[in-house]
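Have your viewer ready and a selection box open. We will go from stop to stop, and at each one you will get something to select and something to look for.

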Amino acid sequence: MPSFVFLTVALALAISVAATPVQKRDAFSVEQVARGTFRKNGPAQVAKTLRKYNKAVPANILAAAENNEAVSVQDDTGSDPAVPSDHYDSSYLSPVTVGNNTLHLDFDTGSADLWVFSNLQAQSSLSGHDYYQTDSTKKKTGYTWKISYGDGSGASGQVYADKVTVGAVTATSQSVEAASSVSAQFTRDVETDGLLGLAMSSINTVKPQQQKTWFDTVKGKLAKPLFAVALKYHAAGTYDFGYIDSSKYTGPITYVDADTSQGFWGFTASAYSVGSTTTTSSIAGILDTGTTLAYVDAAIAKAYYAKVSGAVNDDTQGGYVFPCSATLPDFSITVSSVKQVVPGKYINYAPTTDGSTTCFGGLQPNTGIGFSIFGDIFLKSKYIVHDVSSTPKLGFAQQAGV
Ligand SMILES: *[C@@H]1O[C@H](CO)[C@@H](O)[C@H](O)[C@H]1NC(C)=O
């Protein structure tokens, strides 16, 4: 090729590149950080979920949660549990810079507030926490937020428009909900400095005007308007923003339309399987990284535990329990004709108390909730894509290495 032709082509290329406006499109992954350990308490998790979804907590579940706590604390005076990892789990949280402070937040696909511990709270409620130092010049005067649960617990405070950085992306004027009051349930959870909601902005609690979630604020800056979640079994998981990481799943990603009408990442499954036995059933559920267990219709929980020898739905334990030595069958839901399998061993949540040989199930009935909630017990074997490119959709895939 004569060199002048090459030069002309090169020149034309250079011009066309220069003429294209450069748009920075971000794609990055946020790795969770293990922040301390906590004692697993199955019925306390059930109570927490009922509160989160504004449902009354039955007395037997409260009593079971307290009993579990009390018996376990007594055991603290004795020998250490033989297998600590059974009784304890790490809190896996994500680092986020809010204003000038780096906090560790719980990324929650089941809520839409970005609320943080702040200097507006009493000093006594901040012990052990990193918190947001509010900047009065950034205050959104007249704005407040409040997350209130059926039993009177919750959190509330003021609103600021400040810089929020997650991984490679900064929202320069993100609505930050600074707590002034936080009920005991949250202050006890010393590892969590707040929540970063990833559900729909339509359920944000800021008044008089709802505010956008961090994801809604930055989605236009991302290479693709999506995020993907890979929570892990006894390990730190990741949140990928703006891209899908093909090394994190095997097989196809199966998409289904998301039902966002209630503000959640809702979807409908068409069947469930216990081991290899499949039963057709329309299952309306949501995905929620901020919920520890999985909750399904009572009939489905019953069908599952019918295949676990020694399993009982025990009121005094606050749900389904079984001998810790039991072999658990896999549990699957069928989404867009593809089975999404949760390995049986993932469904053993924890011993009911330290040293107990009775274990609390990670799959529990959704009694009183009215829909299914697929929390961490389900998510830890999945790679889930939350995509808002057009009509919101959810992509389900089996996590690599599970
Ligand atoms: C944040 O840091 C900047 C730069 O150091 C400082 O000027 C500002 O006062 C800080 N804001 C707060 C609320 O501490």
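Which residues of helix 2 are buried? Select the helix and colour Gly-42, Pro-43, Gln-45, Val-46, Ala-47, Thr-49, Leu-50, Arg-51 and Lys-52: these are its buried residues. Here "buried" stands for under 20% relative accessible area, "exposed" for over 50%, and "partly exposed" for what lies in between, with a 1.4 Å probe and protein chains only.

Before moving on, two notes on what you are looking at. This is a predicted model, in which local features need pLDDT of at least 70 and side-chain atom pairs count only at pLDDT 80 or more, while totals for chains, interfaces and linings use all residues. Residues are numbered from 1 along each chain as its sequence is written, and side-chain values use heavy atoms, with hydrogens and water left out.

**Stop 1: helix 2 and its ends**

Helix 2 covers residues 42-52, and because nine of its eleven residues are buried, the rest of the structure largely encloses it. Helices (H or I, at least four residues) and strands (E, at least two) are DSSP runs, numbered from the N terminus. Now show Asn-41, which caps the N-terminal end of the helix: one of its side-chain oxygens sits 3.0 Å from the backbone nitrogen of Ala-44. After helix 2 comes Asn-54, with a positive phi near 55°.

Keep Lys-52 selected and add Asp-108 and Asp-288; a network of salt bridges links the three. A salt bridge is a side-chain nitrogen of Lys or Arg within 4 Å of a carboxyl oxygen of Asp or Glu.

**Stop 2: strands 3, 4 and 9**

Next, select strand 3 (residues 88-98) and strand 4 (residues 101-108). The two run antiparallel and are joined by five bridges; strands count as paired if DSSP finds at least two bridges between them. They form a hairpin with two residues between them, and Gly-99 in the turn has a positive phi of about 60°. Look for Val-98, which stands opposite Asn-101 in strand 4.

Now add strand 9 (residues 194-197), which runs parallel to strand 4 and is joined to it by three bridges. Here Phe-107 stands opposite Leu-196 in strand 9. Strand 4 is largely enclosed by the rest of the structure, because six of its eight residues are buried.

**Stop 3: the ligand**

Show the ligand and the residues around it: Asn-100, Gln-133, Thr-134 and Asp-135. For this shell, a residue counts if one of its heavy atoms lies within 4 Å of the molecule. The shell divides into no nonpolar, three polar and one charged residue. In this sorting, Ala, Val, Leu, Ile, Met, Phe, Trp, Tyr, Cys and Pro are nonpolar, Asp, Glu, Lys and Arg are charged, and the others, Gly among them, are polar.

Turn on distances for Asn-100: a polar side-chain atom there lies 2.3 Å from an oxygen atom of the ligand. Taken alone, the ligand exposes 360 Å², of which the protein buries 33%.

**Stop 4: the loop between strands 5 and 6**

Gln-133 is in the loop between strand 5 (114-116) and strand 6 (139-148). With a relative accessibility of 43%, Gln-133 is partly exposed. Its C-alpha atom is 5.9 Å from that of Ser-118, 15 residues away along the chain.

His-129 is also in the loop between strand 5 and strand 6. Is His-129 buried or exposed? At 7% relative accessibility, His-129 counts as buried.

**Stop 5: salt bridges to zoom in on**

How many salt bridges does the structure hold? There are nine. Select Lys-380 and Asp-89, one such pair, whose closest N and O atoms are 4.0 Å apart. This pair links distant parts of the chain, 291 residues apart: Lys-380 is in the loop between helix 8 (376-379) and strand 24 (382-387), and Asp-89 is in strand 3. Lys-380 is buried at 17% relative accessible area, and Asp-89 is buried at 11%.

Then try Asp-240 with Lys-248, where the closest N and O atoms are 2.7 Å apart; both residues are buried. Finish with Lys-219 and Asp-216, which meet in a salt bridge of 2.9 Å, N to O. Lys-219 is partly exposed, with a relative accessible area of 30%.

Notes:
Polar contact = N/O pair within 3.5 Å; in protein donor to acceptor, adjacent residues only side chain to side chain. Areas by Shrake-Rupley, 256 points an atom, 1.4 Å probe, with all protein chains shown as cover.
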